[in-house]
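Hi everyone, thanks for making time for this. I'd like to walk you through one structure, so let me put it up on the screen.

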Amino acid sequence: MTSILNADLHCHSVVSDGTLTPELLAARASANGVELWALTDHDEVGGQQRAAAAAKAHGMQYLTGVEISVTFAGETVHIVGLGFDANSPLMQHGLEATRGGRGPRAMEMAAGLAAAGIPNAYEGALKFVGNPKLISRTHFARFLVESGACTDTYEVFRKYLTEGKPGYVPHRWAALKDAVGWIAQTGGVAVIAHPGRYKFTANEEYALFSEFKAHGGRGVEVITGSHTVAEYTEYADVAREFDLAASRGSDFHSPLESHTDLGTLPYLPKDLTPVWELLADRIQ
């Protein structure tokens with residue numbers, strides 16, 4: 001396969017934060033001339049079977065996809081996975097933890113409260129929770145009111161559960177190493193999504209690409225909906241510098257919101273290795 005291919009390897013359906021079903025996305029991609037497609041919902045692979053079936057029905061080739069949220073240098077970074085086994089327990093459990101992350105966070109909150117003289121807060125908060133996977137600060141607040149530590153939930157948040165207080169623990173996304181590992185260990189290729197969007201210094205961006213590569217990351221989105229023409233050139237140079245394959249994707253979410261439609265981007269620079277060359281045996 002060549003770089004002159006209308007591949008769109010980044011878009012979102014109703015399974016995450018898009019407004020179209022996988023089936024309607026496939027129809028739209030096909031109508032716009034897309035030849036190779038991937039649905040990359042945020043931290044979720046629930047739409048993959050539908051997307052693959054719809055792609056086949058429209059005569060398009062398909063790669064499994066996901067966009068994983070990662071915390072790096074205090075910023076949220078997105079890592080696209082392509083061509084992995086969407087049924088892998090490793091991937092599914094990792095994504096579930098990323099979506100939730102609430103259990104470990106709740107235990108940390110309870111430890112902080114215990115250190116401040118409020119024991120057994122986790123067990124207490126659980127009494128107010130329907131689904132333990134969705135335990136939140138609100139459940140801790142209700143327990144602290146019930147136990148008499150505070151008079152109302154506003155006081156709980158002010159004294160214990162906001163930044164800088166004993167029970168505050170920020171939400172953390174996946175670690176870069178873990179996200180890249182889930183993708184690589186399930187047969188896929190990890191790609192840094194829309195690098196032009198991150199508010200990194202030059203040193204921080206260099207650290208991101210260096211660590212990504214060291215953990216087994218192999219690609220970068222060069223041509224993507226949020227990049228300027230200047231950023232196409234800039235990240236083509238980054239791909240060359242770090243010896244990364246190049247990816248192309250609209251990051252389409254909605255006909256009403258997205259300024260870049262599926263399949264309408266420029267082609268990749270001819271001297272770069274297209275990410276789909278690394279995934280030839282994974283294309284459906």
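So, to begin: how many cavities of 30 Å³ or more does a search of the whole structure find? The search turns up one. Keep in mind as we go that this is a predicted model.

Okay, that cavity. The space inside the largest cavity comes to about 30 Å³. Who lines it? You've got Arg102, Arg105, Ala106 and Met109, and then Ile135, Ser136, Arg137 and Phe140. Two elements give two or more residues to that lining, namely α4, which is 102–115, and α6, which is 137–146. Helix α4 provides the largest share, with four residues. And if you sort the lining by class, you get four nonpolar residues, one polar and three charged.

Right, let's leave the cavity and go to the sheet. We have an open sheet of five strands here, and reading across, the order is β4-β5-β6-β7-β8, with mixed pairing. At the edges sit β4, residues 65–72, and β8, and each of those pairs on one side only. From one strand to the next, the twist averages 40°.

Now zoom in on the β8 end. Strand β8 covers residues 245–249, and its partner is β7, residues 219–224. Those two pair in the parallel sense, over five bridges. If you want a spot to look at, find isoleucine 223, which stands opposite arginine 248 in β8.

How do you get from β7 to β8? Through helix α10, residues 229–242: β7, that helix and β8 make a right-handed β-α-β unit.

On its other side, β7 pairs with β6, residues 189–192, again in the parallel sense, this time over two bridges. There, isoleucine 192 has valine 220 in β7 as its bridge partner.

One last thing about β8. It's an edge strand, so here's something to ask: are the residues of β8 buried or exposed? Buried, five of the five, so the strand is largely enclosed by the rest of the structure. For that call, buried means under 20% relative accessible area. And it holds for both faces: Ala245, Ser247 and Gly249 point one way, Ala246 and Arg248 point the other way, and all are buried. So Arg248, the one opposite isoleucine 223, belongs to that buried set.

That's the tour, thanks for listening.

Conventions
Residues numbered from 1 in each chain as written. Predicted model: local features only at pLDDT ≥ 70, side-chain atom pairs only at ≥ 80, totals over all residues. Heavy atoms only, no water. 1 Å grid on protein atoms, 1.4 Å probe; cavity = no way out; pocket = protein on both sides within 12 Å on 5 of 7 lines; lining within 4 Å. Points joined across faces, edges and corners; volume = space filled by probe spheres on them. Nonpolar A, V, L, I, M, F, W, Y, C, P; charged D, E, K, R; others polar. Buried < 20%, exposed > 50% of the residue type's maximum accessible area, 1.4 Å probe, protein only. Pairing = 2+ DSSP bridges. Right-handed = clockwise from strand over helix to strand, strands pointing away. Axes fitted to C-alpha atoms, helices over the stretch in contact; angles between N-to-C directions.
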